[in-house]
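Okay, everyone, thanks for coming. I'll walk you through one structure today, so have a look at it while I talk.

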Amino acid sequence: MEKKPFHPRPPRPAGAPSGPRGRRPMPVNKDKDPYATNERIRAREVRLVGDNVEPGIYSIQDALKKAEELELDLIEISPTAEPPVCKILDYQKFLYQQKKRQKEQKAKATKVVVKEIRFGPQTDDHDYNFKLKHAIGFLQEGAKVKAYVFFKGRSILFKEQGEVLLLRFANDLEEYGKVDQMPVLEGKRMIIMLSPKKK
């Protein structure tokens, strides 16, 4: 069987446009490019918003033309809207601002710290007061407190005593914390949860 001669495609002249109307298509990478831009926007019509345009609904051709005139990118910021919402911005600058905003939100989201305090069913006053002092400190620092009474073997018979101890503990901490969960028995432990009171 005779092989057909292979004719390589002639190289593109330097400076020739590589995409429609001379725009360079953005490389598609879903991880790096969470937003559709320019020719990757599939909608026929888009709603333009932003500072540098007259807000309204435009055909995709008109929206791309406006972006080209401003030497910026057309970015689809809300693809599920009808029609999709787009902005004309510098894409790299837009991504940088989004990352910065996410970082700030992450920093604002406070991590919840839970400190545990363990009692025996027959804890004496000295030990109780020592643990109460610790709990006050934890709540003042903004941490949650998980206090529990641990029942070993036959000491489970004292579970009412454990409940009374935890309720007394919650009452003594009333000024510093509020009860999230009343005493509940989970296996060999009776647990109460407290959150710091907002200042």
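One definition before we start: I'll call a residue buried when its relative accessible area is under 20%, exposed when that value is over 50%, and partly exposed in between. And keep in mind that what you're looking at is a predicted model.

With that in hand, take E116. Its relative accessibility is 46%, so E116 counts as partly exposed. Its partner is K146, and the two form a salt bridge, with the closest N and O atoms 3.7 Å apart. Where do K146 and E116 sit? K146 is in strand β6, residues 144-150, and E116 is in strand β5, residues 114-119, so this pair ties together parts that are 30 residues apart in sequence. K146 itself is buried, at 18% relative accessible area, because the limit for that word is under 20%.

As background, side chains of opposite charge can pair when their charged atoms come close.

So how many salt bridges turn up in the whole structure? The search finds 5. Another one of them is between K144 and D180, at 3.2 Å from N to O. This one also links distant parts of the chain: K144 is in strand β6, D180 is in strand β7, residues 177-186, and they're 36 residues apart. K144 has a relative accessibility of 25%, which makes it partly exposed, and D180, at 39%, is partly exposed too.

Then there's a bridge inside a helix. D172 forms a salt bridge with R168, and here the closest N and O atoms are 3.9 Å apart. Why about one helical turn between them? Because D172 and R168 are 4 residues apart in helix α4, which covers residues 159-172. D172 is partly exposed at 33%, and R168 is partly exposed at 36%. There's a bit more to it, since salt bridges with shared partners join D125, R168 and D172 into one network.

Okay, let's move to a polar residue on the inside. N38 lies in the segment before β1, and β1 is residues 45-49. Is N38 buried or exposed? With a relative accessible area of 2%, N38 is buried. What does its side chain contact? One polar contact goes to the side chain of D73, at 3.0 Å. The N38 side chain also reaches the backbone nitrogen of L74, at 2.8 Å.

D73 brings us to the strands, since strand β3 is residues 73-78. Strand β3 is joined to β4 by 5 bridges, and those two run antiparallel. Between β3 and β4 there are 6 residues, and together the strands form a hairpin. If you want to find it on screen, look for S78, whose bridge partner in β4 is V85. On to β1: 3 bridges join it to β4, residues 85-89, and this time the strands run parallel. There, V49 stands opposite K87 in β4.

Now for helix α1, residues 60-69. Its buried residues are I60, A63, L64 and A67. They span an arc of only 95 degrees around the axis, and therefore they sit on the same side of α1. On the other side, Q61, K65 and E69 are exposed. What covers the buried residues? The cover includes β1, β2 (that's 56-59), β3 and β4. And after the helix comes E71, with a positive phi near 55 degrees.

Last topic: the nonpolar cores. The largest one has 21 residues, and the members that touch the most others are I117, F119, V145, L166, F169, L173 and L194. Which elements give two or more residues to this core? They are β5, α3 (125-140), β6, α4 and β8 (189-196). Helix α3 gives the most, with 6 residues.

Zoom in on I117 if you like. Leaving aside neighbours within four places in sequence, I117 is in contact with K131, H134, A135, F138, V145, K146, A147, Y148 and F169. You'll recognise K146 in that list: that's the buried lysine from the salt bridge with E116.

And apart from that core lies another one, of 14 residues, which includes L48, V53, L64 and A67. L64 and A67 you've met already, among the buried residues of α1.

That's my tour. Any questions?

Conventions:
Residues numbered from 1 in each chain as written. Predicted model: local features only at pLDDT ≥ 70, side-chain atom pairs only at ≥ 80, totals over all residues. Heavy atoms only, no water. Buried < 20%, exposed > 50% of the residue type's maximum accessible area, 1.4 Å probe, protein only. Polar contact = N/O pair within 3.5 Å; in protein donor to acceptor, adjacent residues only side chain to side chain. Salt bridge = Lys/Arg side-chain N within 4 Å of Asp/Glu carboxyl O. Pairing = 2+ DSSP bridges. Arc of directions from axis to C-beta. Contact = heavy atoms within 4.5 Å. Core = buried A, V, L, I, M, F, W, Y, C linked by side-chain atoms within 4.5 Å.
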